[in-house]
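Here are a few short exercises to work through with the model open beside you. Try each task before you read its solution.

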Amino acid sequence: MKSDLSEVAEPIRRKRTDEIVDAIKDAIVRDNLQPGDRLPQEKDLATRFAAGKSTVREALKSLEVQGLIRTRTGPGGGAFIEPMSEAHAMSLLSNYLFTRELSIANIYTLRKTLEPLVAVSAIENMDAQGFEQLHQLIALYDHEPADDSERWAQRMAELDFHAVVASYSDNVLLAFICRFLQRLLKDLAVCKDIYQRPEPVERRKGIDFQYQLIEALRRKDAAEVEKVMRLHMEHAEQAMLTLEASLEERFLR
């Protein structure tokens with residue numbers, strides 16, 4: 001049977017504004033523009049990309065919303081390259097996930113795979129300052145909290161331990177994803193409920209894993225680093241899921 005060409009969907013044509021946005025991004029990379037550098041004026045961009053000023057203005061506005069440029073008015077004004085902060089990038093991703101049913105199990109499915117990898121990738125870059133940071137963080141939560149404020153600070157510090165390890169990774173993408181997962185655990189509503197519970201938290205085994213990890217990092221023992229972090233993540237997942245189940249049981253009573 002011959003196909004009816006009239007039923008073949010027409011290719012979706014991209015908006016001219018989106019094309020200009022991509023062209024400007026390519027130009028930023030090609031011209032090696034750095035944060036603080038100014039883009040050409042609107043009229044010059046319009047000429048360069050054979051587009052109307054209104055289209056270029058819309059494209060610049062889109063880039064500003066994305067956090068890639070910042071516009072200033074007045075003398076010396078224009079569009080300037082803006083350094084994209086990690087916090088802003090994570091906020092955009094968090095907004096994408098805001099209306100989706102994200103669970104603790106979802107997060108740990110990735111953490112169990114990626115945290116061992118990021119720890120191994122940090123081995124060659126870990127220095128005395130990094131090890132000192134890790135020990136200082138452990139000191140924040142190696143004892144029972146005095147009040148609710150310290151309890152919350154301790155749970156955040158537990159996650160910050162892993163953020164420090166990731167910061168020494170030589171894989172920028174892997175490090176970003178791991179820190180993003182750590183941020184999700186800080187922001188997820190059910191996690192906040194868990195962190196705010198007044199009951200004592202048994203964290204000794206987790207701390208033992210962290211001390212083992214530090215020693216394996218010092219020895220540059222990749223196999224041991226991977227093993228310890230994997231076991232640590234499995235233990236952390238089970239602890240969080242148990243606390244979540246207990247929270248749900250209390251809610252249903």
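**Exercise 1.** Find how much of residues 14-84 is helix and how much is strand.

*Solution.* Start with the range: in this predicted model, residues 14-84 are what UniProt lists, in an unreviewed entry, as "domain: HTH gntR-type". Next, read the secondary structure: the stretch is 49% helix and 11% strand. Finally, look at its two ends, whose C-alpha atoms lie 25 Å apart.

**Exercise 2.** Work out which helices supply at least two residues each to the largest nonpolar core.

*Solution.* First, locate the core: it has 47 residues, and Phe-161, Tyr-195 and Leu-213 make the most contacts inside it. Then trace the helices: α5, α6, α7, α8, α9, α10 and α11 each supply at least two of its residues. Now zoom in on Phe-161: beyond its neighbours within four places in sequence, its contacts include Leu-134, Leu-137, Ile-138 and Leu-213. A second core, separate from this one, has 17 residues, among them Leu-39 and Leu-60.

**Exercise 3.** Classify the ring pair of Trp-152 and Tyr-195 as stacked, tilted or edge-to-face.

*Solution.* Begin with the geometry: the ring centres are 6.0 Å apart and the planes meet at 70 degrees. Angles over 60 degrees count as edge-to-face, so this pair is edge-to-face. Next, place the partners: Trp-152 is in helix α7 and Tyr-195 in helix α9, so the pair ties together parts 43 residues apart in sequence. Last, check burial: Tyr-195 is buried at 3% relative accessibility, whereas Trp-152 is partly exposed at 28%.

Terms used:
Residues are numbered from 1 along each chain as its sequence is written. This is a predicted model: local features need pLDDT of at least 70, side-chain atom pairs count only at pLDDT 80 or more; totals for chains, interfaces and linings use all residues. Side-chain values use heavy atoms; hydrogens and water are left out. A nonpolar core is a set of buried Ala, Val, Leu, Ile, Met, Phe, Trp, Tyr and Cys residues joined through side-chain atoms within 4.5 Å. Buried means under 20% relative accessible area, exposed over 50%, partly exposed in between (1.4 Å probe, protein chains only). Helices (H or I, at least four residues) and strands (E, at least two) are DSSP runs, numbered from the N terminus. Contact means heavy atoms within 4.5 Å. UniProt positions are given in the numbering used here, feature names are shortened, and annotations may be inferred rather than shown by experiment. Rings of Phe, Tyr and Trp (its six-membered ring) pair if their centres lie within 6.5 Å; planes under 30 degrees apart count as stacked, over 60 as edge-to-face and the rest as tilted.
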